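Dear colleague,

I am passing on the structure we spoke about, and my notes on it follow below. Please read them with the model open beside you.

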Amino acid sequence: MVWLGTVYKKLAASELGLGSHTYGIVPTKNTESFFTKGMQKRSGESKILVVEFWSNNAAKIIKTKVNYHLTDTHHHPHISGNILPEYKSAGAKVGDVLLFWKSTENPNIFKAKLIKQNTKEWKN
């Protein structure tokens, strides 16, 4: 499979269950379109993503959703919590990074990798 670009998401406390919610990944404004291409930005709209998640030199296939939440306080998508147990069990901490690649063949297929601070990969 051929992969398109790379975007990264630095993990926040809420994405690790330490804040007000445990919903998974909240894309930043500059990465939102990477995950939501083709969506109409309607509240409740969702699509299924297939993520090949890598950590500790092993991969697992995860099916998860990207959902739009448009409320007074939320005007952005969330990637559902199905991926949360994987990066938490790999020892993810606030400030660690998830790298994402998107398939050039299917915009709903992704690869993700946890990069922990102070590791060889972090320094690259």
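Over the ring of which residue does the charged end of Lys 111 sit? That ring belongs to Trp 101, and the charged end of Lys 111 is 5.0 Å from its centre; a charge counts as over a ring if NZ of Lys or CZ of Arg is within 6 Å of the ring centre and within 35 degrees of the ring normal.

This is a predicted model, in which local features need pLDDT of at least 70 and side-chain atom pairs count only at pLDDT 80 or more, while totals for chains, interfaces and linings use all residues. Residues are numbered from 1 along each chain as its sequence is written, and side-chain values use heavy atoms, with hydrogens and water left out.

There are four aromatic pairs in the structure (ring centres within 6.5 Å, using the six-membered ring of Trp; planes under 30 degrees apart are stacked, over 60 edge-to-face, the rest tilted). Phe 34 and Phe 35 meet edge-to-face, at 5.4 Å centre to centre and with 85 degrees between the planes. Phe 34 also pairs edge-to-face with Phe 110, at 5.7 Å and 65 degrees, and this pair links helix H1 (residues 32-36) to strand E6 (residues 109-115), 76 residues apart (DSSP runs of H or I, at least four residues, and of E, at least two, numbered from the N terminus). Both Phe 34 and Phe 110 are buried, that is, under 20% relative accessible area with a 1.4 Å probe, protein chains only. Lys 102 lies over the face of Phe 34, 4.9 Å from the ring centre.

With kind regards

Definitions and conventions: Buried means under 20% relative accessible area, exposed over 50%, partly exposed in between (1.4 Å probe, protein chains only).
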